[in-house]
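Student: Could you take a close look at one part of this model with me? I would like to see how a single residue sits in its surroundings, and then follow the connections outward.

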Amino acid sequence: KPVTPAPASMVHQKTVLVLVALACALGGGVNAVADFNRNINANSDGGDMASPWFYHGLEGPNFTTVSDAAKYSIRSYPKSFWTATTVTGKSMDDAGSEAFMRLFRYISGNNESKQKIEMTVPVLASVIPGQGPFCEENFTYHFYLPAEFQTNPPKPDDPRVTNVVLDAMDVAVVSFPGWMNEKEAISHGRDLFEDLKEDNVAFNPDMFYTAGYDSPFRLTDRHNEVWAKIQGSASDATTFQILSDGGD
């Protein structure tokens, strides 16, 4: 079942309200709220929505559902381009807030072209647990780049932010409602790992992804995911400095 998301086409006001709430919740303050309002533009192409319901009208990556069982789904994602930043030495919840604001500043114009970039979904985080009880976890958060920036995104001004390519990969996906946080991610991720082991599905046990699709102030129809990378998929991420330098 291929899923080909269309660009954002929801009513401008609805999109702004959702993302303004997210900016407030993550501590962006008044300036972030103003930036959100300037950044989100309604798509004017009038195309039909072909994206999954949990994209809520925003642009996101294409994927194909390979299988859809009761406990988890298997999806195939093609190569895609994202903007990413890594935070270590913090809880997942604190790391997410810090990373979000770095990435949000980038799409708000903190790049060499001073280009505004529309918000997309999901906010994707790769989680690499520490090797021991006192080791730091590694959280890399990603914003998906809209179609017009997939091959030539502007270079970030912040050296902690990088444009990266996620190679094609297959993932096992478990979804759940409510709010994404560290406790929920660990609980659902653990269940997913156990289900994959039980079904003899080979996967990478050394990392996982979380995918968040909603503002903290969306009260209904919330959707969160944990992904496990199926073994044999392409590598997770490779920087593409030439492209992020403007394609020269």
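Tutor: Let's start with Thr86, which is partly exposed, with a relative accessible area of 36%. Keep in mind that this is a predicted model. Thr86 belongs to strand β4, a strand that spans residues 80-88. Setting aside residues within four places in sequence, the contacts of Thr86 are Arg102, Asn138, Phe139, Thr140 and Arg160. With one of these, Thr140, there is also a polar contact: the two side chains meet at 2.8 Å. Another useful distance runs from Thr86 to Val127, which are 41 residues apart in sequence and 9.9 Å apart in space, C-alpha to C-alpha.

Thr140 leads us on to the strand pairing. Strand β5 (residues 123-128) is paired with strand β6 (residues 138-144) in the antiparallel sense, over six bridges. Within that pairing, Ser126 stands opposite Thr140 in β6. Thr140 therefore faces Ser126 across the strand pair, and the side chain of Thr140 is joined to that of Thr86 by the 2.8 Å polar contact. β5 has a further partner in strand β9 (residues 208-212), again antiparallel, over five bridges. There, Ala125 is the residue opposite Thr210 in β9. As background, side chains in a regular strand alternate between the two faces of the sheet.

Arg160 is another contact of Thr86 worth following. Arg160 is itself partly exposed, with a relative accessible area of 44%, and forms a salt bridge with Asp158, the closest N and O atoms being 2.9 Å apart. Asp158 counts as buried, because its relative accessibility is 11% and the cut-off for buried is under 20%.

Back in β4, look at Ser80. At 7% relative accessibility, Ser80 is buried, whereas Thr86 in β4 is partly exposed at 36%. The side chain of Ser80 makes a polar contact of 2.7 Å with the side chain of Trp82. Not counting residues up to four places away in sequence, Ser80 touches Tyr144, Gln150, Val164, Val165 and Leu166.

From here we can turn to the nonpolar interior. The largest nonpolar core has 36 residues, and those with the most contacts inside it are Ile107, Tyr141, Ala172, Leu192, Leu196 and Ala228. At least two of its residues come from each of β4, α3 (92-107), β5, β6, β7 (161-166), β8 (169-176), α4 (182-198) and β10. The largest share, nine residues, is supplied by α3. Apart from this core lies another one, of 20 residues, among them Phe54, Tyr55, Val164 and Met169. Val164 is also one of the residues that Ser80 touches. In general, nonpolar side chains in soluble globular proteins tend to be buried together.

Leu196 gives a good view of the larger core: leaving out residues up to four places away in sequence, Leu196 touches Tyr72, Ala172, Val201, Phe203 and Ala228.

Helix α4 also takes part in charged links. The whole structure holds eight salt bridges. In one of them Lys71 pairs with Asp195, with the closest N and O atoms 3.9 Å apart. Lys71 sits in the loop between β2 (63-68) and β3 (73-77), while Asp195 is in helix α4, so this pair links distant parts of the chain, 124 residues apart. Lys71 also forms a salt bridge with Glu198, where the closest N and O atoms are 3.8 Å apart. Glu198 lies in helix α4 as well, so this pair ties the helix to the loop between β2 and β3 across 127 residues of sequence. Lys71, Asp195 and Glu198 are thus linked in a network of salt bridges. Their surroundings vary: Asp195 counts as buried at 18%, Lys71 is partly exposed at 38%, and Glu198 is exposed at 58%.

One last stop is strand β10, which covers residues 224-229 and contains Asn224. Asn224 is buried, with a relative accessible area of 2%. Its side chain reaches the backbone oxygen of Pro177 at 3.4 Å. Beyond neighbours within four places in sequence, Asn224 is in contact with Val174, Ser175, Phe176, Pro177, Gly178, Trp179, Met180 and Ala211.

Technical notes
Residues numbered from 1 in each chain as written. Predicted model: local features only at pLDDT ≥ 70, side-chain atom pairs only at ≥ 80, totals over all residues. Heavy atoms only, no water. Helix = DSSP H or I, 4+ residues; strand = E, 2+ residues; numbered from the N terminus. Buried < 20%, exposed > 50% of the residue type's maximum accessible area, 1.4 Å probe, protein only. Polar contact = N/O pair within 3.5 Å; in protein donor to acceptor, adjacent residues only side chain to side chain. Contact = heavy atoms within 4.5 Å. Pairing = 2+ DSSP bridges. Core = buried A, V, L, I, M, F, W, Y, C linked by side-chain atoms within 4.5 Å. Salt bridge = Lys/Arg side-chain N within 4 Å of Asp/Glu carboxyl O.
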